[in-house]
Amino acid sequence: MLSAFWCHLLPAIKLYLLGLKVLLLQLLNGPLRLPVMPRQDGNVAIVTGGGRGIGYEVARHLVRLGAHVIIGGRDEQEGLAAVRRICEHYKEAKAGVMLVPEGRTEDGFEQHFGVNYLGHFLLTWLLLDTLKDSGKSGHVSRVVNVSSSAHCIGQIRLNDLNSRQSYSSHAAYCQSKLAQVLFSFHLHQEMQSGGFQVSSCAVDPGMVDTALYRHLWTPLHLAQSVIARLLFRTPEEGATTVLSAALLPALEGDCGGGYWANGCREMTTPLTFDPQLQVSLWEISLQLLNLH
């Protein structure tokens with residue numbers, strides 16, 4: 001009993017302490033400002049979760065730059081059929097969830113793993129041929145996964161990715177964000193080694209005042225709502241790192257990829273560079289999604 005309680009409490013403590021650290025660092029860094037970006041006339045961008053929050057700000061800025069933007073948004077428990085429908089129309093998924101109560105998508109996947117990771121894995125996989133065909137020298141196709149600093153305290157349980165043995169919303173969230181980084185890094189390596197003009201990176205927008213925190217325990221949510229209005233980044237500021245990774249001309253070819261936070265590339269934990277873990281997660285994801 002005590003062991004089970006500790007298994008639920010420890011991930012929560014780690015995540016909240018990390019959140020405090022991230023908030024202090026971004027306050028010290030000051031507000032983010034988006035550099036001047038090139039026009040995107042003729043380019044197509046798919047933005048998941050583009051109906052509100054960070055996704056809305058990303059989509060709004062891309063439209064201002066002349067891009068054709070496809071916005072996706074879906075219910076948390078909806079299955080991966082929604083992702084397939086986007087791809088069928090193109091050849092739209094809330095972008096992410098955090099600390100949701102234990103539940104499953106229509107396909108039977110744990111919600112954090114299914115929505116935050118598998119949905120984006122599937123979307124990228126189904127559009128990969130299009131991304132390869134669209135990329136060319138000086139105009140690389142880019143895949144940008146919105147992860148979180150929470151990835152650095154996450155663990156990948158390859159034998160229990162759906163958290164059936166034990167469930168902690170905090171641990172499940174961190175696992176999904178670590179999975180996004182592992183996938184991003186492996187995809188980038190695969191594309192570069194294959195000679196394709198496609199780059200892939202993971203970004204952390206920081207602590208942003210969005211609806212992502214709505215599943216916090218009620219007293220914490222009330223406190224967070226007040227603190228967020230005063231200290232968190234606005235969705236527009238949160239979109240800065242995403243847009244930089246997606247649009248900066250300097251990030252073409254070998255200069256692309258990596259992990260981005262606070263508007264620049266940053267180092268991440270050694271676990272994210274583990275080639276065996278990257279490959280194992282990739283192969284299991286293909287099996288879970290029946291992609292062969």
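Which residues of α9 are buried? In this predicted model, they are Leu277, Gln278, Ser280, Leu281, Trp282, Ser285 and Leu286. The views below start from the whole chain and then take up this helix and other sites.

**Figure 1. Overview of the protein chain, with nine helices and six strands.** The chain has 292 residues, and 51% of them count as buried. About 14,000 Å² of the protein chain is exposed. Carbon and sulfur atoms supply 58% of that area.

**Figure 2. Helix α9 and what covers its buried residues.** Helix α9 has 14 residues. From its first C-alpha to its last, α9 reaches 20 Å, close to the 20 Å expected at 1.5 Å a residue. The buried residues of α9 include Leu277, Leu281 and Trp282, along with Gln278 and Ser280. Among the elements that cover the buried residues of this helix are α4 and α6.

**Figure 3. Ser285, a residue of helix α9.** Ser285 counts as buried because its relative accessible area is 0%, under the 20% limit. Residues up to four places away in sequence are not counted among its contacts here. On that basis, Ser285 touches Tyr117, Leu118 and Phe121.

**Figure 4. The largest nonpolar core, of 29 residues.** The residues with the most contacts inside this core are Tyr117, Phe121, Leu122, Ile156, Leu187 and Leu289. Helices α4 (111-126), α5 (128-134), α6 (169-193) and α9 (275-288) each supply at least two residues of the core. The largest share, seven residues, comes from α4. In soluble globular proteins, nonpolar side chains tend to be buried together.

**Figure 5. Surroundings of Ile156 and a second core.** Ile156 is in contact with Leu161, Gln175, Leu178, Ala179, Leu182 and Leu277, leaving aside its neighbours within four places in sequence. A second core, separate from the largest one, has 21 residues. Ala45, Leu65, Val242 and Trp260 are among the residues of this second core.

**Figure 6. A nonpolar patch on the surface.** Leu20, Leu24, Leu27, Val226, Ile227, Leu230 and Leu231 form the patch. Together these residues have about 640 Å² of accessible area. The elements that give two or more residues to the patch are α1 (2-29) and α7 (218-231). Helix α7 gives the most, with four residues. Leu27 is placed in helix α1. With a relative accessible area of 41%, Leu27 is partly exposed, and so it passes the limit of over 30% set for patch residues.

**Figure 7. Salt bridges that link Glu57, Arg60 and Glu236 in a network.** A search of the whole structure finds four salt bridges. In one of the bridges shown here, the side chains of Glu57 and Arg60 meet at 2.7 Å, N to O. Both of these residues lie in helix α2 (residues 53-64), three residues apart, which is about one turn of the helix. An α-helix has 3.6 residues a turn, so residues three or four places apart point the same way. Glu57 counts as buried because its relative accessibility is 14%, whereas Arg60, at 27%, counts as partly exposed. The side chain of Arg60 also meets that of Glu236 in a salt bridge, at 3.8 Å, N to O.

**Figure 8. The salt bridge between Arg39 and Asp41.** The closest N and O atoms of this pair are 3.0 Å apart. Asp41 is partly exposed, with a relative accessible area of 48%.

**Figure 9. Gln192 and Gly257, 65 residues apart in sequence.** The two residues are 9.9 Å apart in space, C-alpha to C-alpha. Gln192 is placed in helix α6. This residue is partly exposed, with a relative accessible area of 26%.

Technical notes
Residues numbered from 1 in each chain as written. Predicted model: local features only at pLDDT ≥ 70, side-chain atom pairs only at ≥ 80, totals over all residues. Heavy atoms only, no water. Patch = residues over 30% accessible without salt bridge, like charges linked within 9 Å, V, L, I, M, F, W, Y side chains within 5 Å. Areas by Shrake-Rupley, 256 points an atom, 1.4 Å probe, with all protein chains shown as cover. Buried < 20%, exposed > 50% of the residue type's maximum accessible area, 1.4 Å probe, protein only. Core = buried A, V, L, I, M, F, W, Y, C linked by side-chain atoms within 4.5 Å. Contact = heavy atoms within 4.5 Å. Expected span 1.5 Å × (residues − 1).
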